[in-house]
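Hi,

Here is the structure I promised to send over. Have a look at it first, and then read on for my notes.

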Amino acid sequence: MVLFMTINLSGNISYILTHRGLMLATMVLVAFSSGVATLLFQTVTNNRILTPSVMGLEALFILIQTLLIFFIDANGLALLGASGQFICEALLLVLFSTFLYRWLLGRVGVNLHMVLLVGLVCGTLFRSISGLLQRLLEPGEFAILQSRIFATFTRAAPEIIALSALAVLATAVAIWRMRYSLDVIALGRELAMGLGVSWRRRVTLILLLVSLLVALSTALVGPLTFFGLLVANLTYPLIGSHRHQYLLPGVVLTGIITLVGGQVILERGLNMAGTLSVVIEFVGGALFLWFLIKKAAV
């Protein structure tokens, strides 16, 4: 983080530090939100392949952006303001993800194939609706939409970063207070209930927090489908423990190193030869496919 803020620092130092500081704050918030959300989701489902983002949340984000441009248009979005758009998007994502996760765990059960099927169906439905509406947009509105549906760490306004930081701080306090309960929940439903954990109430609370974190991350920078999967599965062997008092800070630090370190390498080492979100999605997607193939071969 210090290297990111100080390397090649010349010219208008005040402007450069402000720009880099906003980028750094965005990457830290995304690292926490995406990494912790994936870790909690895998703890509840007891499966290291599943992530909240696989459930079609990014496709819903694209659909929400398309609906906003289609029905409100760019001028109407300007009236909402950056904070209004951010709150609206986050609330819709939280409502959908909470309903979906609660339904899957309460009715369908944690079945890998069923969960992936539901996520695929929801994602396909949302993408189909988005594609239909995008074909009806004017060229100027479509260009605005394209700039909003790809993950970028330079888009968030200072007021949005401040709102996200407050929400992340409150969520972090709640999660840290239940770190010992998470160790018990990771043992499975039967064992956790036998040890005195109120499974339904505790899991509902965890899923609400997961939904909030994923919504914040997605509304802040855009879709990052496989980042959480990549960071969580790097953390498990690095930490070498199943206790969440070590895994939680570990996944945050791993996420920060991945994002900030990757951005430094791309900017200073490769002269912006690529986009960080594209590289992360490629590596994370390859890891996801490897996990699926490995599980199918067992």
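Below is what I found, starting with the whole chain and then going through the helix contacts and a few single residues.

Please keep in mind that this is a predicted model. The chain has 13 helices and zero strands, so the pattern along the sequence is simply one α after another. Of the 298 residues in the chain, 50% are buried. Contacts also reach far along the sequence: taking those between residues at least 6 apart, 78% join residues at least 24 apart. The largest nonpolar core holds 79 residues, and V36 and L259 have the most contacts inside it.

Helix 2 with helix 10

I would begin with helix 2, residues 13–45, and helix 10, residues 199–221. Their axes come within 9 Å and cross at roughly 150°. An angle over 145 degrees counts as roughly antiparallel, and that is why helix 2 is described as roughly antiparallel to helix 10. The crossing of this pair is left-handed. On the helix 2 side, the contact is made by T26, L29, V30, F32, S33, S34, V36, A37, L40, F41 and V44. Helix 10 contributes W199, V203, I206, L207, V210, L213, V214, S217, L220 and V221. Sorted by class, the residues of this contact are 17 nonpolar and four polar, with no charged residues.

Two of the helix 2 residues in that list deserve a closer look. V36, already mentioned for its contacts inside the largest nonpolar core, touches A31, I175, L213, L248, V251 and V252 once neighbours within four places in sequence are set aside. T26, also in helix 2, has a relative accessibility of 1% and therefore counts as buried. Leaving out neighbours within four places in sequence, T26 is in contact with F153, A156, I161, L220 and V221.

Helix 2 with helix 11

How do helix 2 and helix 11 cross? The axes of helix 2 and helix 11 (residues 227–239) come within 8 Å, at an angle of roughly 70°. The two helices are therefore roughly perpendicular to each other. From helix 2, the residues that meet helix 11 are V30, A31, S34, T38, L39 and Q42. Their partners in helix 11 are F227, G228, L229, A232, N233 and Y236. This contact divides into seven nonpolar and five polar residues, again with no charged ones. V30 and S34 are listed in the contact with helix 10 and in the contact with helix 11.

While you are looking at helix 11, find L234, which lies in that helix. L234 counts as partly exposed because its relative accessibility is 37%. Its C-alpha atom is 7.5 Å from that of T254, and the two residues are 20 apart in sequence.

Helix 7 with helix 10

Helix 10 also packs against helix 7, with axes 11 Å apart and an angle of about 160°. That angle makes helix 7 roughly antiparallel to helix 10. The crossing of helix 7 and helix 10 is left-handed. Here I160, S164, A167, V168, T171, A174 and I175 of helix 7 meet L209, L212, L213, L216 and L220 of helix 10. The classes in this contact are ten nonpolar, two polar and no charged residues. L213 and L220 are listed for helix 10 in this contact and in the contact with helix 2. I175, on the helix 7 side here, is one of the residues that V36 touches.

Two more residues

T152 sits in the loop between helix 6 (139–148) and helix 7 (158–177). With a relative accessible area of 23%, T152 is partly exposed. Its C-alpha atom is separated by 9.6 Å from that of M23, although the two residues are 129 apart along the chain.

Is Q134, in helix 5 (residues 112–135), buried or exposed? Q134 is buried, because its relative accessible area is 16% and buried means under 20%. Not counting residues up to four places away in sequence, Q134 touches I62, T66, F142 and L145.

I hope this helps you find your way around the model.

Best wishes

Methods: Residues numbered from 1 in each chain as written. Predicted model: local features only at pLDDT ≥ 70, side-chain atom pairs only at ≥ 80, totals over all residues. Heavy atoms only, no water. Axes fitted to C-alpha atoms, helices over the stretch in contact; angles between N-to-C directions. Helix = DSSP H or I, 4+ residues; strand = E, 2+ residues; numbered from the N terminus. Parallel < 35°, antiparallel > 145°, perpendicular 65-115°, else oblique. Left-handed = near helix turned anticlockwise from the far one by under 90°. Contact = heavy atoms within 4.5 Å. Nonpolar A, V, L, I, M, F, W, Y, C, P; charged D, E, K, R; others polar. Buried < 20%, exposed > 50% of the residue type's maximum accessible area, 1.4 Å probe, protein only. Core = buried A, V, L, I, M, F, W, Y, C linked by side-chain atoms within 4.5 Å.
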